[in-house]
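User: Please take a close look at one part of this model and describe how its elements are arranged. Keep the account plain.

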Amino acid sequence: MKELLSGNAAIARGAFEAGVTVAAAYPGTPSTEILEHFARYPGVYAEWAPNEKVALEVGIGASLAGARVLVAMKHVGVNVAADPLFTLAYTGVNGGLVLVSADDPGMHSSQNEQDNRNYARFAKIPLLEPADSREARDMVGLALDISERFDTPVMLRTTTRIAHAQSFVELKEPQPVVLRPYQKDARKYLMVPGYARPRRAVLAGRLLELEQYTESGPVNFIEWRERQVGIITGGVCYQYVREVLPQASVLKLGMSHPFPRNLVREFASGVGNLYVVEELDPFIEEQVRMLGIHVKGREIIPGIGELDPVLVARHFVAAGVPAVLAGEEVTEAAAGATAGLPEAPAAPARPPVLCPGCPHRGLFYVLRRLKLMVTGDIGCYTLAGLPPLEAMDSCICMGASIGAAHGAEKASLERHGHTVAVIGDSTFFHSGITGLLNMVYNGGGGTVVIVDNRTTAMTGHQPHPGTGTTLMGCPAPAVDLEMLARALGVKRVKVVDPLDLRRVEEVMREEVAAPETSLVIARRSCVLLTRPAGPPAWVRADACKGCRSCIRLGCPALSLRDVEAASGGTPPGKDGKSASKKVAVVDQLTCTGCGLCVQVCKNGALQRGEDNVGTG
Amino acid sequence: MLEPVNVLMAGVGGQGTILASKVLAGAAEKAGYDLKVSEVHGMAQRGGSVVTQVRLGEKVHSPLIGEKTADIILAFEKLEGLRLLPFLKPGGTMIINDQEIPPAPVLAGAVEYPAGIIAHIRAVAPDTVVVDALGLAAACGNARAANVVLLGALARRLPVGEELWQESLAAQVPARLLEVNRAAFAAGYGL
Ligand SMILES: Cc1ncc(C[n+]2csc(CCOP(=O)(O)OP(=O)(O)O)c2C)c(N)n1
């Protein structure tokens, strides 16, 4: 049976078919759906770990105990998991272990773009790269076979256009699950210097064997066509090459580390001009150059952002190599600018925004009012750093907010009373706890706010250790943040409702002024998981002065409109004045009645839905 | 059909582009085509622009469509249609919903919602079909079926038989809403 599967669904399927019984991950676009799909298969165990390092460590234990294991994360997650990964390369595995790294060229949903193929080389482990969903499914099984045969973890690297593109996969029956017996072997698994040194040599020997394997392995192959132009490529770029250079010979690398040197030599000597097409770093290109082979890569295709077929075609045409699009040859002119077309009206951007009723909005509105330096973190709440709220000063990586606030205060006493770290609940469990511990331990006087919306909202509402449920839908103990903070040594812990602006302001003033570390928990569930707080707000148009105070909340349910255009939410028959006046309008369909705009309005124009008498 | 047909769907989170692309994929699968469907998840969902790329043909390589290579753009919102116009190939078809959803910078009063979008699109793409999807869907009994009206308008312009669309639609929408959706589809199909 064939099914249209995303790369992520295909990876989950591949793991199921290959007898994986344990999977662990921390969510992160574009990897998240792998575990969500895998957890639905019968007879498997899957969990969200609090972060990627723990996920990989869980995977290591499961592999030691003999199971086949899948661990998944987004590209930056591998930074977090790098510590166990590099030593896992020394110990090797018992049950096969595949680590999926989902990279995000072009930063659709990430704070950076990094090419994690480098990690495979750095950690000295094999690297597989699928070019569509079928290959993604197949390569999970292959990765596990390689992992067990060569006693090594294997990295399977996807990119957004593999992870989130759907193509057909012919489903297979799952193979029987075999648990390999566990044998204590300290010289293999206990990495102290005396045991690690010999393992370093084992690692080197294994790489030599893998170098042999990669030459003849099933995923590196040459497609001979015309010999003038030869392209070495892999991953989604293979598809772009097939699309726009259908006549070119191609060396497709499904496994680019260890590098199949002889195969590359053979290919290079069989073609006239040699090119590499790859996204981000010149990973393949540099290894070709090291063989002393002349090749063009970055010279014609830039290494920033995502490619697509048209970009690849344009770069080749510019380099004098004919390319086709939709069956027609691309000319230099057609590939270039849009000459002769009427000038288009400027299209304003449509950036993502905090939802109507989002509890994060109330907290950040106050932080902005108090003109605090806000070291931020990653999650939906990072959107509060954009206009019009603009209430965040920095965002680096998950967990960075707390260390950064502490460091700022240590650098300058003047920062005390003016600095606050803001971190989401899932992010706090991921890597904020140690930052808070550090602040208390080192006598910091900082203020940390956990925006506790009771979920991992940004990546699609995954449960976490604070929510009381697990990925498999089982009940779990929910962390008591107040008690946890006290155990870390925080004496000042306060809980506020972020939609109560007056109370939030009061608490924030007190806590930033306090000389010791304090924790504020701004607690209210994500609006997408709860029923609306109340009926939608409405506007008394005669009272609205068009002062824009409410607009500064950045709520998508609020706008200013000319009076005659303003109908929704305005009780009829109250204006009758000149047409040029602008008044606030509440969109009755999307407003959740959170009441923030009502609190912010100084003119009594915005009214709670409950008070909307006689307009039903 | 030698070369794949490239379809771009553009809208705003919550407009039902995902359902529309599922129905399209289902119908194309039944018609025996190779398929690639590509979308971006994550940040894009919080009220941002949503784009789905669908390619169908005998053999489809790239999951992505580049500039000036979309055969048909199905725009669920005017501004999103304008934004994707550079992806339409010369002589391609633009099907555009006559609906405005102001983005955050417009709501905040930083910029105006651009005027003259349809006129500009028509000037660039003579084969432009403007659809009052909300109005037509409401007339069928549910304004929420606007996405299916648009899908109907797309369906007639793709090499997939109507009965396959009907089967796929029935497989994707809940039974109690099927009648409304069939009417909405028919309203679009006639355009
Ligand atoms: C190391 C790493 N792993 C995963 C991600 C993806 N990611 C970004 S924010 C986030 C979680 C946000 O949850 P939370 O802190 O609860 O904030 P919310 O979105 O609910 O406001 C995740 C998983 C990342 N950016 N970096």
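Analyst:
**A shared sheet, and one helix**

Helix α6 (residues 133-150) of chain A lies across β1 and β8 (165-170) of chain A, at about 60° to β8(A). The model is predicted: local features need pLDDT of at least 70 and side-chain atom pairs 80 or more, while totals for chains, interfaces and linings use all residues. Residues are numbered from 1 along each chain as written, chains are lettered from A and ligands numbered from 1 in written order, and side-chain values use heavy atoms, without hydrogens and water.

β1(A) and β8(A) belong to an open sheet of 8 strands with mixed pairing (at least two DSSP bridges per pair). The order is β1(A)-β8(A)-β2(B)-β3(B)-β1(B)-β4(B)-β5(B)-β6(B). At the edges, pairing on one side only, are β1 (2-6) of chain A and β6 (128-131) of chain B. From one strand to the next, the twist averages 20°.

Within chain B, β2 (residues 34-39) and β3 (residues 49-57) run antiparallel and are joined by 6 bridges. B:K36 has B:R55 of β3(B) opposite.

Elsewhere in chain A, helix α19 (residues 481-488) has A:L481, A:A485 and A:L488 buried (under 20% relative accessible area, 1.4 Å probe, protein chains only). These residues lie on the same side of α19(A), because their arc around the axis, taken from directions to the C-beta atoms, is only 60°. A:M483 and A:A487, on the other side, are exposed (over 50%). The cover over the buried residues includes α17 (425-431), α18 (433-441) and β18 (447-452) of chain A. After α19(A) comes A:G489, with a positive phi near 110°.

Key:
Helix = DSSP H or I, 4+ residues; strand = E, 2+ residues; numbered from the N terminus. Axes fitted to C-alpha atoms, helices over the stretch in contact; angles between N-to-C directions. Contact = heavy atoms within 4.5 Å.
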